[in-house]
Every structure is written in structure tokens, then in C-alpha cells.
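Biologist: I have a structure to read and would like to learn how one goes about it. Could you take me through some of the features, with the general idea before each case?

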Amino acid sequence: MTEQITGSYVVKSADAEQQIVFGWANISLSTDGTEVVDSHDEAISPDDLEAAAYDFVVFERTSGEDHDGDYEPDGIMVESMFFSKEKLTALATDPNTGVLDDAALRVMSDTIPTGWWIGFHIPDAEAFERARSEKSAFSIEGVAIREEA
């Protein structure tokens, strides 16, 4: 069965000068590897979330408010990264020497979940202020096939 799905995650930071908001679009696994279930009692596997993130970057890259389905985009994606254990290992590896920094990997693994981090530039000052101060979360929208666990 295909269903519309959404999830909400807190806006973590904002750059007022550049009018950019940052945060998690979705988290699949917590830092201890536990599956994260959202407020709609749904979970997205890391593989599915990663594919959706790349698809969004290639085909969409815009944001709007409140999933009304008929909105004008009010923001453009300026940052997107899907964090996985493999990518954390790559980030903890010195790009010049190829040496893995075990301490750095441990810190990142203890603090960065498996999920999709995003940033959006919102050029309209009023819309940016709403996103920064009134909106408590990013919310993703998409179409999926529900698989019962």
C-alpha cells in the first residue's frame, strides 16, 4: 500500500545573517543503533532514507510550509548530508594520510545518528523568521510503500 508519510525533527540552528536554517530531516537509527520511530509511529530504514535524500537533492531542493500540497516554495536547499557509520569512518580518516583517527570516530559515533541533515536558505525575511522562531521542526513529505514489521 502506498501512503503519504511525514516526520518532524527540531530545527537545530539558524544563521540569521544568511537566512539559513539547519537540522535533521529524519533520523533512521539513534547513536546506539536503535531504530527511530517518528511521531506518526513510522520508521524509515537507513537505505530507504538515504535513497530518498539523494532523490530529493536531484529532483526537488525546495521547501515550503505545512505540506498544503499547493504551496509556493519559500526556500532552497543549500546543505544535505546523509550520515551513516561508513561516512563517519570516512570523516574520521585523515584525507592526506588515510589514517583513521579512532578517538574522532568514537566521538562522532557517540553523537551523530544515522540520518539526513539539511540546511535551507529562506530568502523572505518573514518566512525565515517563522522557520527560525515559530517552527519547531523540519517535516519531510513523500510517498512510500508501507511495510508491516
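Modeller: Let us begin with exposure: a residue is called buried when its relative accessible area is under 20%, exposed when it is over 50%, and partly exposed in between, with a 1.4 Å probe and with protein chains only taken into account. This is a predicted model, in which local features need pLDDT of at least 70 and side-chain atom pairs count only at pLDDT 80 or more, while totals for chains, interfaces and linings use all residues. Residues are numbered from 1 along each chain as its sequence is written, and side-chain values use heavy atoms, with hydrogens and water left out. By the exposure rule, 32% of the 149 residues of the protein chain count as buried.

Biologist: How many helices and strands are there in the protein chain?

Modeller: Helices (H or I, at least four residues) and strands (E, at least two) are DSSP runs, numbered from the N terminus. The protein chain has four helices and six strands, and along the sequence they follow the pattern β-β-α-β-β-α-α-β-α-β.

Biologist: Which residues of helix H4 are buried?

Modeller: In H4, which spans residues 125-134, the buried residues are Ala127, Phe128 and Ala131. They lie on the same side of H4, because they cover an arc of only 105 degrees around the axis, the arc being that of the directions from the helix axis to the C-beta atoms. The face of H4 turned away from this buried side carries the exposed residues Glu126 and Glu134.

Biologist: How should I read a salt bridge, and which residues form one with glutamate 50 and with arginine 132?

Modeller: Side chains of opposite charge can pair when their charged atoms come close. The rule for a salt bridge asks for a side-chain nitrogen of Lys or Arg within 4 Å of a carboxyl oxygen of Asp or Glu, and by this rule the count comes to two. In one of them, glutamate 50 pairs with lysine 87, with the closest N and O atoms 3.6 Å apart. Glutamate 50 lies in helix H1 (residues 46-59) and lysine 87 in helix H2 (residues 85-91), so the pair ties together parts that are 37 residues apart in sequence. Lysine 87 has a relative accessible area of 24%, and is therefore partly exposed. Arginine 132 forms a salt bridge with glutamate 129, where the closest N and O atoms are 2.6 Å apart. Both of these residues lie in helix H4, three residues apart, which is about one turn of the helix.
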